Amino acid sequence: MAVLHSSLAPYSLKKLILIPHLKPRKICHFQAMSSSSRPEPAVLVHKVPGLNPDEMDRVSDQTFQRYTSSSVKRNGNGVAIVWFRNDLRVLDNEALYKAWLSSREVLPVYCIDPRLFGSTYYFGFPKTGALRAQFLVESLFDLKKNLTKRGLNLLIQYGKPEEVLPSLAKTYGAHTVYAQKETCSEELSVEKLVSKGLRRVVLQSPANNPNLQLIWGTTMYHIEDLPFDISCLPDVYTQFRKSVEAKCTVRGCIKMPASLGPAPSIEDWGCVPSLDQFGLQHQNVSLGMKFVGGESAALGRINEYFWKKDLLSIYKKTRNGMLGPDYSTKFSPWLASGSLSPRLVHEEVKRYEKERQANDSTYWVLFELIWRDYFRFLSVKYGNSLFHPGGPRKLEHRWSQEKTLFETWRDGHTGYPLIDANMKELSTTGFMSNRGRQIVCSFLVRDMGIDWRMGAEWFETCLLDYEPCSNYGNWTYGAGVGNDPREDRYFSIPKQAQNYDPEGEYVAYWLPQLQSLPKDKRHFPGMAYIKQVVPLKFGNAGKYQNHDKTSTARGTNFGGRQAKGSRR
Ligand SMILES: Cc1cc2nc3c(=O)[nH]c(=O)nc-3n(C[C@H](O)[C@H](O)[C@H](O)COP(=O)(O)OP(=O)(O)OC[C@H]3O[C@@H](n4cnc5c(N)ncnc54)[C@H](O)[C@@H]3O)c2cc1C
Ligand SMILES: Nc1ncnc2c1ncn2[C@@H]1O[C@H](COP(=O)(O)OP(=O)(O)OP(=O)(O)O)[C@@H](O)[C@H]1O
C-alpha cells in the first residue's frame with residue numbers, strides 16, 4: 001500500500017502491532033511530554049482555550065458542581081467495567097453513570113488499539129496523525145485526573161479491546177462492560193469482537209457471566225427520541241432539522257454523583273503514554289491555534305466563548321471566518337473525542353439565553369450541532385456507502401487519483417494562496433475552518449477532479465476533530481455524491497477570497513511571502529508566487545490568473561485499493 005509522505009514514515013506502529021501488550025515506558029508527569037517543557041515558539045500561537053491553568057481548574061470545578069447531584073443512589077453489586085472510547089469525559093457520560101449505578105466497584109479502562117495507528121483504508125495515509133495523537137494523550141491525562149478526583153482512576157491498556165476487555169472481565173469478575181455505541185463498520189466490528197470475547201469468558205468460567213452493554217451517547221438528540229424510524233431518516237438536512245425541532249426535545253444532562261468510587265484494588269494503574277509509544281514523533285504547533293485536549297479544557301472553552309468573551313451572541317455573524325480562535329466555537333475537537341457532550345453544550349446555550357440573551361446566533365450553534373447529529377444518523381441509515389466513491393446516492397463518476405497533483409493540494413503548493421494557506425493550517429495545527437474545508441474540498445474535487453476519498457482520508461489523518469460521520473458525510477456532500485439538494489456546489493476561489501478574506505490577511509498569515517504584496521494582489525499574486533497547478537473550472541480570475549496547462553502537475557496514480565474503489 002502506498003505511503004505518501006516520506007516524512008510521515010515514522011508513523012508506523014510496527015512495534016506495538018507486533019507486541020500488542022508492550023508495557024509502556026512510565027512517564028507520570030504530563031509536563032514531561034507536553035510542549036510546555038519545550039522551547040516556546042518564536043511566533044504567537046493561540047492556545048485554545050486561552051485560559052490560564054488556575055482559571056481552567058476553577059471553571060471546570062464550577063461546571064462539575066453544576067452537573068453533579070448528591071441525591072442519586074447506587075444499588076448494584078459486583079464490578080462493572082467502563083470501556084472508554086470516543087466519550088473521554090466524566091460529565092453526562094451515560095456509560096459511566098450506568099456502570100456506577102449497577103455495581104459496587106467501577107473499573108474505567110481505555111485501550112490503545114494499534115489499529116487506530118495503522119493506515120487509512122484506500123490510500124494508506126497514517127490513520128491518526130501526531131497532532132491528534134497528542135490531543136488524545138492530553139485527553140487521557142485529563143480524564144485520569146478527573147476520575148481520580150472522584151474516587152476512580154483510568155486503567156490504560158495496550159492492545160485490542162477484544163483481547164483486553166475479556167481478560168479484565170475475567171480477572172475482576174465483572175458482570176458488565178459498559179461502552180458508548182458507535183455506528184461505523186470499523187467500530188461495529190470491534191464491538192462484535194468484544195461481545196464474542198466476553199462470551200468466551202462465560203464458557204471458561206460459567207459463574208462469571210459478563211456482557212457488553214452499548215449505550216447511545218454521541219448526539220444532541222437521542223436516537224430513541226427521533227420522530228421516525230432511522231431507516232426513514234429524511235435524506236435532506238432541512239427536512240431532518242425541521243422534523244426534530246418540531247417533534248423532539250433534547251434530553252437534559254445526566255447529573256453525575258460527586259463520588260464514583262471505589263474502584264477495584266489495582267496495584268499499578270499505569271501512566272498516560274507518550275507519543276513515541278505510538279510510534280509517532282512530537283509535532284510542535286508553531287503557528288495558529290494549539291488546542292488543549294481533555295474535558296477540563298472543553299469546559300474552559302465553553303466558559304471562554306460563551307461567558308467570558310460573550311462571543312456566542314455574535315456567532316452567526318462571525319462563523320464563516322478563517323483566522324484566529326474567536327470566529328467560531330472550536331468545540332469540534334472535544335466533541336469528536338467525546339470530552340464534551342453535545343447535550344451539555346445545549347444546556348449551556350439555554351442557560352446563556354436565559355441569563356444573557358437569546359438571538360439568531362445563540363440558536364445557530366444548535367443549528368450546527370443538528371448538522372453533526374444528521375451526519376451521525378445518516379451513517380446508521382447508509383452504513384458503508386458513506387465511504388464508497390459513489391456515496392449514499394451511489395453515483396457513478398470517474399475520478400482521477402494523480403499522486404503528484406494530489407500532493408500539491410496536500411502540501412499547500414497549488415499556486416492558489418487560499419487553498420495553500422488552508423492546507424498549511426491543517427497540517428500545522430490539525431484544524432481548518434468550516435469555510436476553508438468547503439473551499440479546499442470543492443477545489444480538490446471539482447477543479448482538480450481528484451477522488452474525494454483521497455481528500456477525506458488526508459483529513460482523517462490530520463484533523464483533531466476527525467470523526468467518521470462528519471468527515472465522510474461532509475466530503476460526500478461536497479463531492480456531490482451525498483444528499484445535497486443543490487447539484488454541483490462549486491466554490492469559486494476569487495469569490496470566496498473576496499467574501500471571506502478581502503484584505504488577504506488570512507493568506508498572508510499562513511504564507512508570509514505574501515505579506516509584502518499589496519492586499520489586492522495577495523490572492524492572485526501572479527509571478528510572485530508558485531505557478532497554478534490547474535486552471536479553475538469556472539476560472540474568471542481575470543488578469544490575476546496565471547495558469548498554463550503545460551505547468552499542470554502530472555504524476556502517477558496511487559497503488560491504494562483501486563480495484564475495490566472503482567468497482568462501485
Ligand atoms: C470537507 C469537510 C470535512 C469535515 N470534517 C469534519 C470532521 O471530521 N469532524 C467534525 O467535527 N466536523 C467536520 N466538518 C464540519 C465542520 O467544518 C467542523 O465541525 C467545524 O469547522 C468545527 O469548528 P467549530 O467547532 O468552531 O464549529 P462551529 O461553527 O462553532 O459549530 C459548532 C459545532 O457544530 C458542529 N458542526 C458545524 N458544522 C458542521 C458540519 N458541516 N458538519 C457536522 N457538524 C458540524 C460541530 O460539532 C461544531 O463544533 C467538516 C466539514 C467539511 C466541509
Ligand atoms: N471509523 C471509520 N473511519 C474511517 N473509515 C471507516 C470507518 N468505519 C468504516 N470505514 C470505512 O468503511 C469501509 C468498509 O469497507 P467496505 O466498503 O469494503 O465494506 P463493505 O461495505 O462490507 O464492503 P463489501 O460489500 O465489499 O464487503 C471502508 O472504506 C472503511 O474505511
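How are helix 15 and helix 16 oriented to each other? The legends below address this and other close-up views.

**Figure 1. Packing of helix 15 on helix 16 in the predicted model.** Residues are numbered from 1 along each chain as its sequence is written, and chains are lettered from A and ligands numbered from 1 in the order in which they are written. In this predicted model, local features need pLDDT of at least 70, side-chain atom pairs count only at pLDDT 80 or more, and totals for chains, interfaces and linings use all residues. Helix 15 (residues 417–429) packs against helix 16 at an angle of about 120°, the axes being 10 Å apart; axes are lines fitted to C-alpha atoms, for helices over the stretch in contact, and angles run from 0 to 180 degrees between N-to-C directions. Helix 15 and helix 16 are therefore oblique to each other (angles under 35 degrees count as roughly parallel, over 145 as roughly antiparallel, 65 to 115 as roughly perpendicular and the rest as oblique). Helices (H or I, at least four residues) and strands (E, at least two) are DSSP runs, numbered from the N terminus. Leu 418, Ile 419, Asn 422, Met 423 and Glu 425 of helix 15 meet Gly 436, Ile 439, Val 440 and Phe 443 of helix 16, with contact defined by C-beta atoms, placed from the backbone, within 7 Å. By class, this contact of helix 15 with helix 16 has six nonpolar, two polar and one charged residues (Ala, Val, Leu, Ile, Met, Phe, Trp, Tyr, Cys and Pro count as nonpolar, Asp, Glu, Lys and Arg as charged, and the others, Gly among them, as polar).

**Figure 2. Crossing of helix 13 and helix 18.** The two axes come within 8 Å and cross at roughly 90°, which makes helix 13 roughly perpendicular to helix 18. Helix 13 contributes Arg 372, Phe 375, Arg 376, Leu 378 and Ser 379 to the contact, and helix 18 contributes Pro 468, Cys 469, Ser 470 and Gly 473. Four of these residues are nonpolar, three polar and two charged.

**Figure 3. Surroundings of ligand 1.** The shell holds 29 residues, the closest being Ser 328, Thr 329, Glu 368, Asn 471 and Asn 474; a residue is near a molecule if its C-beta atom, placed from the backbone, lies within 6 Å of it. Two or more residues come from each of helix 11 (332–337), helix 13 (360–382), helix 16 (434–447) and helix 18 (468–478). Helix 13 gives the largest share, six residues. The shell around ligand 1 comprises twelve nonpolar, ten polar and seven charged residues.

**Figure 4. Surroundings of ligand 2.** Tyr 121, Cys 184, Ser 185, Glu 186, Glu 187, Asn 384, Phe 387, His 388 and Pro 468 surround ligand 2. Helix 7 (residues 185–204) supplies the largest share, three residues.

**Figure 5. Backbone geometry in three loops.** Most residues other than glycine have a negative phi, and most peptide bonds are trans. A cis peptide bond joins Val 48 to Pro 49, with omega about 5°; Pro 49 is in the loop between strand 1 (45–48) and helix 3 (53–66). Another cis bond links Gly 261 and Pro 262, with omega about 0°. Asp 92, in the loop between strand 3 (79–84) and helix 4 (94–101), has a positive phi near 50°.

**Figure 6. Confidence along the protein.** The mean pLDDT (the predictor's confidence in each residue, from 0 to 100) is 89, and 87% of residues reach 70 or more. Values stay under 50 over residues 1–42 and over residues 542–568. Where pLDDT is low, the predicted coordinates should not be read in detail.

How values were computed. Contact = placed C-beta atoms within 7 Å.
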